[in-house]
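Let's take a walk through a protein model together. Have the sequence and the 3D view ready, and follow along from one end to the other.

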Amino acid sequence: MPVTAQQVELIPLAIYTLIAVVLILILLVAAYYLGSGKDAPDKGIPYESGVLPTGSARHASQVPFYLIAIFFIVFDVEGAFIFTWATAWDLLGLSGMVHITVFITVLLLGLVWLWIKGGLDWGPTAKKQVKAEVKV
């Protein structure tokens with residue numbers, strides 16, 4: 001069976017994949033045989049900056065933290081689209097400029113809406129404002 005040009009182009013990828021898999025297997029086997037294999041009681045203790053843990057690690061995080069994380073992901077993904085556009089701006093011409101302008105405008109409108117709704121207001125200053133409004 002003759003080898004096609006497309007199959008020849010895939011040979012470096014196959015070699016790279018094979019080398020990566022073999023290297024991973026070698027490292028796993030080495031870690032298994034060279035590791036101590038002992039279970040010490042200190043292995044299960046979380047350790048950070050030399051400070052022994054006190055109390056429980058199970059505490060509820062505030063919802064605004066998750067909202068900020070989601071907002072970051074949303075705007076970060078759009079940033080990736082803008083960087084992609086920027087690499088090919090000269091090929092896209094006027095229609096590409098119009099599209100990216102509309103895209104950025106929609107992003108900015110979303111950010112303004114988020115700001116107006118108070119989605120970015122969290123932290124000590126936001127808590128003080130809420131307490132002040134409750135007292136009135």
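**A walk along the helices**

The protein chain has four helices and zero strands. Reading from the N terminus, you meet the elements in the order α-α-α-α. Keep in mind that this is a predicted model, so how sure is the predictor, on average? The chain averages a pLDDT of 81, and 78% of the residues score at least 70. Confidence is highest in H1, at 94, and lowest in helix H4 (residues 124-135), at a mean of 58. Where pLDDT is low, don't read the predicted coordinates in detail.

Now look at the surface. The chain exposes about 12,500 Å², and carbon and sulfur atoms supply 72% of that area. Of the 136 residues, just 7% are buried.

One spot to find is a nonpolar surface patch of about 450 Å², made by Val3, Val8, Ile11, Ile15 and Ile19. Isoleucine 11 sits in helix H1 (residues 5-34). Is isoleucine 11 buried or partly exposed? Its relative accessibility is 42%, so it counts as partly exposed. In an α-helix there are 3.6 residues a turn, so residues three or four places apart point the same way.

Next, move on to helix H3 (residues 89-117). With 29 residues, a straight helix would reach 42 Å, yet the end C-alpha atoms of H3 are only 34 Å apart. H3 also has a kink of about 80°, centred on serine 95. Its buried residues are Gly96, Ile100, Leu107 and Leu114. Just after H3 comes glycine 118, which takes a positive phi of about 85°.

Terms used. Residues are numbered from 1 along each chain as its sequence is written. This is a predicted model: local features need pLDDT of at least 70, side-chain atom pairs count only at pLDDT 80 or more; totals for chains, interfaces and linings use all residues. Side-chain values use heavy atoms; hydrogens and water are left out. Helices (H or I, at least four residues) and strands (E, at least two) are DSSP runs, numbered from the N terminus. The expected span of a helix is 1.5 Å times one less than its number of residues. The bend at a residue is the angle between axes fitted to the seven residues ending there and the seven starting there. Buried means under 20% relative accessible area, exposed over 50%, partly exposed in between (1.4 Å probe, protein chains only). Patches are made of residues with over 30% relative accessible area and no salt bridge: like charges are joined within 9 Å, nonpolar side chains (Val, Leu, Ile, Met, Phe, Trp, Tyr) within 5 Å. Accessible areas come from the Shrake-Rupley method with a 1.4 Å probe; for residues, only the protein chains shown count as cover. A salt bridge is a side-chain nitrogen of Lys or Arg within 4 Å of a carboxyl oxygen of Asp or Glu. pLDDT is the predictor's confidence in each residue, from 0 to 100.
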